[in-house]
Amino acid sequence: PFLQDGIPFDGKRIFDSDSINQLDFLPKSIVITGSGIIAVEYAKIFRNLGVDVTMVIRDKVPRNALMKIGLDKDVAATLVADMVRSGIKIERNAQVGKFIVDEKNPRVPMTIELLAKGGGPRGQAGALTEIKASAYLAAVGRKPNTSKLNLAAAGIDVDRY
């Protein structure tokens, strides 16, 4: 998984898309950062288990975020409508900032500060500035594992993605 800087992954309450599989409790609430297939899958799974789910996405329009990963616009719109109908909340034009976790009492929900896309304060009306949650999942993509494939010899240009 791609691990964003500034997120204190601990494998206990703050997870990446691999370590979430080691979760040993059903959280009452979860915040999921990401708008790709993995984020959507986990959002639907947790919601179907009765967990209060909030997705945090950087794009202003969730459908557009899904189209960036290759979904047809009508399929993306239908998927977003289904998530909203199922009770998944979506915080748009946002990213996570600071995590406040009570290390002594894991039953106390952590507080996750939300910032506007780019890192500034969220100024739009009705925008949350913090969320309380039992767990957090960063499902923001995967790092390529191609360093030993000698792709340059095959004439393939690669970047960090």
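Here a biologist and a modeller chat about the pockets and one sheet of a predicted model.

Biologist: What is the volume of the largest pocket?
Modeller: First, the ground rules: residues count from 1 along each chain as its sequence is written, local features need pLDDT of at least 70, side-chain atom pairs need 80 or more, totals for chains, interfaces and linings use all residues, and side-chain values use heavy atoms, without hydrogens and water. On a 1 Å grid over the protein atoms alone, a pocket is an open set of points where a 1.4 Å probe fits, with protein on both sides within 12 Å along at least five of seven lines. Points join across faces, edges and corners, and a volume is the space filled by probe spheres set on them. For the largest pocket that gives about 760 Å³.

Biologist: Which residues are closest to its centre?
Modeller: Lining residues have an atom within 4 Å of a point, and this pocket has 25 of them. The closest to the centre are Gly34, Ser35, Ala139, Val140 and Gly141.

Biologist: Which helices each supply at least two residues of that lining?
Modeller: Helices are DSSP runs of H or I, at least four residues, and strands are runs of E, at least two, numbered from the N terminus. The two here are α1 (37-48) and α2 (62-68).

Biologist: Why do some strands of the open sheet β5-β6-β7 have one side without a neighbour?
Modeller: Two strands pair if DSSP finds at least two bridges between them, and the pairing in this sheet is antiparallel. One side is left free because each edge strand has a single partner; those strands are β5 (94-100) and β7 (130-133).
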